Amino acid sequence: MDYWFSLLALFSIYFKFTTGTELTFELPDSAKECFHEEIKKNTSVTVEFQVVTGGQYDVDVTVEDPKKQVIYKQIKMQFDSHTFTTEHTGVYIVCFSNEFSTFSHKLVYFDLQVGDEQPLPGIGEHVTVMTQMETSAQDIHKSLNSIIDFQTHHRLRETQGRKRAEDLNERVLWWSILESLAVLVIGFGQVFILKNFFTDKKPFGVK
């Protein structure tokens, strides 16, 4: 019974101390979306993104510091991850632009991790050898982080695969419709030509 109480406490601690912003948003054609985050100086920040669906699966990305200086910029990228340490305290801006596209609507995954992950309570300042329970708790904590990362990337790949399958199915459908129309046109054309071959034509000038 104590084991399950400890495990439930670990789950609550895990969700309490996990920081960061993770979301999936729609980016219309010829549009630009920006996200603002106030971050202190000398803080480690990781920006990760991936275009899930739409067009050529690419997007323009820029990161600006509080002084409007561009510290990261990518043009027409499908996915990337960038880690940097802030030099100023203030509001940092992460922008995703689809302005180069005039008709492709896109779905973008965005993950912003601010600061190092806090250790489990009582372990970070541990001065003696950890007990077996503390070691197990730390291992479970690391495993949960890995599981969340795997699940996130698995969902993204599943969404991409489903979207590509739907696009392929739509193309096959339209191609089948065009082929059917072509067969009908050719069939009627052949019947019309053959009918003209076997139709008696009157000599010129005979009434």
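**From the fold to its disulfide, core and terminal helix**

Read along the sequence, the protein runs through the pattern α-β-β-β-β-β-β-β-β-α, which amounts to 2 helices and 8 strands. The coordinates belong to a predicted model, and the confidence attached to them should be kept in mind from the outset: the average pLDDT of the protein is 79, and 79% of the residues reach at least 70. Over residues 1-18, by contrast, pLDDT stays under 50, and for this stretch the model has 14 contacts beyond four places in sequence.

Some totals for the whole chain help to set the scene. Of the 207 residues of the protein, 26% count as buried, and the accessible surface comes to about 14900 Å², with 59% of that area belonging to carbon and sulfur atoms. If one takes the contacts between residues at least 6 apart in sequence, 76% of them join residues at least 24 apart.

A covalent link gives a concrete instance of distant parts being joined. The model holds 1 disulfide, and it connects cysteine 34 to cysteine 95 with an S to S distance of 2.0 Å. Cysteine 34 sits in strand S2 (residues 32-39) and cysteine 95 in strand S7 (residues 90-97), so that, with strands defined as DSSP runs, the link ties together two strands through residues 61 apart in the chain. The link of cysteine 34 and cysteine 95 is right-handed, with 110° about the S-S bond. The two partners differ in their surroundings: cysteine 34 is partly exposed, having a relative accessible area of 31%, whereas cysteine 95, at 7% relative accessibility, counts as buried.

From cysteine 95 the reader can step across to strand S4 (residues 59-64), where valine 61 lies. Leaving out residues up to four places away in sequence, valine 61 touches Phe49, Tyr72, Lys73, Gln74, Cys95 and Phe96, and one half of the disulfide is therefore among its contacts, a contact being heavy atoms within 4.5 Å. Valine 61 is buried, with a relative accessible area of 0%. Its C-alpha atom is separated by 9.3 Å from that of asparagine 98, although these two residues are 37 apart along the chain.

Threonine 62 also has its place in strand S4. With the same exclusion of residues up to four places away, threonine 62 touches Tyr72, Lys73, Ile93, Val94 and Cys95. Is threonine 62 buried or exposed? Threonine 62 has a relative accessibility of 18% and counts as buried, because the cut-off for that class is under 20%.

A further residue, valine 59, leads from these contacts into the nonpolar interior. Apart from neighbours within four places in sequence, valine 59 is in contact with Leu27, Phe49, Val51, Gln74, Ile75, Lys76, Met77, Phe96, Ser97 and Phe100. Two of these partners, Leu27 and Phe96, reappear with valine 59 in the list of residues that touch the most other members of the largest nonpolar core, a set of 20 residues in which Val47 and Phe110 complete that list. Strand S1 (21-27), strand S3 (44-53), S4, S7 and strand S8 (106-114) each supply at least two residues of this core, and S3 gives the most, with 4 residues. In soluble globular proteins, nonpolar side chains tend to be buried together.

The loops between strands offer two points of backbone geometry. Asparagine 42, found in the loop between S2 and S3, has a phi near 60°, a positive value in a residue other than glycine. Lysine 68, found in the loop between S4 and strand S5 (70-77), likewise has a positive phi, of about 65°, although it is not a glycine. Asparagine 42 is exposed, with a relative accessible area of 60%, and lysine 68, at 56% relative accessibility, counts as exposed as well.

Finally, the record adds an annotation to a later part of the chain. An unreviewed UniProt entry assigns the label "transmembrane region" to residues 172-194. In the model, the chain over residues 172-194 is 100% helix and 0% strand, and the C-alpha atoms at its ends are 33 Å apart.

Conventions: Residues are numbered from 1 along each chain as its sequence is written. This is a predicted model: local features need pLDDT of at least 70, side-chain atom pairs count only at pLDDT 80 or more; totals for chains, interfaces and linings use all residues. Side-chain values use heavy atoms; hydrogens and water are left out. A disulfide is a pair of cysteine sulfur atoms within 2.5 Å. Buried means under 20% relative accessible area, exposed over 50%, partly exposed in between (1.4 Å probe, protein chains only). pLDDT is the predictor's confidence in each residue, from 0 to 100. Accessible areas come from the Shrake-Rupley method with a 1.4 Å probe; for residues, only the protein chains shown count as cover. UniProt positions are given in the numbering used here, feature names are shortened, and annotations may be inferred rather than shown by experiment. A nonpolar core is a set of buried Ala, Val, Leu, Ile, Met, Phe, Trp, Tyr and Cys residues joined through side-chain atoms within 4.5 Å.
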